[in-house]
Protein chains: 2
Amino acid sequence: MAETGIDSTDPADPGEVAGLDELDRLDRTQLAISFERVFTLVRRLNPQGDISLTAASTLRTLERHGPYRLSELAATEGVTQPAMTQLVSRLEKAGLAQRCADPADGRVVVVRIADAGRELLLARRAARAEKLYELLSALPPADRAAIVAALPALDRLADLLPS
Amino acid sequence: MAETGIDSTDPADPGEVAGLDELDRLDRTQLAISFERVFTLVRRLNPQGDISLTAASTLRTLERHGPYRLSELAATEGVTQPAMTQLVSRLEKAGLAQRCADPADGRVVVVRIADAGRELLLARRAARAEKLYELLSALPPADRAAIVAALPALDRLADLLPS
DNA sequence: ATAGTTATATCACGCACTTATACAAAGGTT
DNA sequence: AACCTTTGTATAAGTGCGTGATATAACTAT
């Protein structure tokens, strides 16, 4: 909300600028629109009729960070605990995840991804990667380079979210 | 333009070099993972309890490209025609869109976004832009610069999808 | 033990999608 | 003209996936 007004530094300085200046000079609405459009793009690249967005995201979380308690998982994915209970039941029935007991606390359910879950993620990822690659191949080289150059930064951006 | 200075890529100027070579040198799986993570990021930034993802996407389509026939809209959004009929009914009841008749063809329903729909998109976008800005502000300047530099390319990437 | 808290499960419900089908308008054939 | 076929939208029935309220089992403290 607050206008930062960091633009006081000379915007023409080419060498080591490109920090918040660049960002402030950009319309923030345009920033949101670009991210919305990427979001829609990835959503359309999603294999339909597969598993739900939340299911896929949950599997990815389990893949990235290892086993989670059920309620932790619910909080991380932004759904209620009953929703996660049902989701884990579905994943378990599909053989994609497993419920494990916590020896230290009999109430706790620890959820871990199963091999079939990892394989499903791999398959989805391969399909999406292929489509993305095709799309990128249709872009001008400079655009491809800009996107590839931004990938590590986008990864670090995603790291900033609580997960 | 901004010197990106991304660590994992060629530090040379992106304009002339870094075409498909850069892309091929990258693990395609890593490409998919990065896009997945951005997807999840934007999804978590979504105002919850608002309207559905499809509803928001449909409103954005109507905002970007103007009125659509109902069945065209269904095809564009990747849902069935009955689903779009129901969605448009909901949007209409909420005052976010309008059904109009086509004078040339009595069967056709033309859908257009209403003022309240535009305002809702503006509000959502502003909220998301604010959160995105905060996240970006926490990144190192070089990362911010890389992401900002990639936005036009990402826009053109999104243009490649049929919409 | 008893009471209170915590972790998960279950219940009742609603939204948003699906397929199958109905209905109305347009177009073509004779 | 009347008749079929095609096309665009709506309706119906069923399902997946979410919600809030509440039940049940296990841990904790006194």
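The exchange below goes through a predicted model of two protein chains with DNA strands C and D, asking what lies behind each description.

Me: How should the names and values be read?
Reply: Residues are numbered from 1 along each chain as its sequence is written, while chains are lettered from A and ligands numbered from 1 in the order in which they are written. Because the model is predicted, local features need pLDDT of at least 70 and side-chain atom pairs count only at pLDDT 80 or more, whereas totals for chains, interfaces and linings use all residues; side-chain values use heavy atoms, with hydrogens and water left out.

Me: What makes a residue count as near DNA strand C, and which come nearest?
Reply: A residue is near a strand if one of its heavy atoms lies within 4 Å of it. There are 20 such residues around DNA strand C, and A:S71, A:Q81, B:T54, B:T80 and B:R90 come nearest. Of the atoms of DNA strand C that come within 4 Å of the protein, 63% belong to sugar and phosphate.

Me: Why is the approach of A:R107 to DNA strand C called a polar contact?
Reply: The term requires a pair of N or O atoms within 3.5 Å (within protein, one must also be able to donate a hydrogen and the other to accept it, and residues adjacent in sequence count only if both atoms are side-chain atoms). A polar side-chain atom of A:R107 is 2.9 Å from a base oxygen of DNA strand C, so the pair falls within the limit. B:Q86 also reaches a base oxygen of this strand, at 3.1 Å, whereas B:R90 has a polar side-chain atom 3.1 Å from a phosphate oxygen.

Me: What makes up the surface near DNA strand C by residue class?
Reply: The classes are nonpolar (Ala, Val, Leu, Ile, Met, Phe, Trp, Tyr, Cys and Pro), charged (Asp, Glu, Lys and Arg) and polar (the others, Gly among them). This surface has 7 nonpolar, 7 polar and 6 charged residues. Its largest share, 4 residues, comes from α5(B), a helix in the sense of a DSSP run (H or I, at least four residues; strands are E, at least two), numbered from the N terminus.

Me: Why is α4(A) called roughly perpendicular to α5(A)?
Reply: Angles run from 0 to 180 degrees between N-to-C directions, with axes fitted as lines to C-alpha atoms, for helices over the stretch in contact. Angles under 35 degrees count as roughly parallel, over 145 as roughly antiparallel, 65 to 115 as roughly perpendicular and the rest as oblique. The two helices pack at about 110°, their axes 9 Å apart, which makes α4(A) roughly perpendicular to α5(A). Contact, meaning heavy atoms within 4.5 Å, involves residues including A:L73 of α4(A) and A:M84 of α5(A).

Me: Which residues are closest to DNA strand D?
Reply: Among 21 residues surrounding DNA strand D, the closest are A:T54, A:T80, A:G106, B:S71 and B:V109. The side chain of A:T80 has an N or O atom 2.6 Å from a phosphate oxygen, while B:R107 has a polar side-chain atom 2.9 Å from a base oxygen. The element that gives the most to this surface is α5(A), with 4 residues.

Me: How do you know that β1(B) and β3(B) pair?
Reply: Two strands pair if DSSP finds at least two bridges between them. Here 2 bridges join β1(B) to β3(B), which run antiparallel, so the requirement is met. They belong to an open sheet of 3 strands in the order β1-β3-β2 of chain B.
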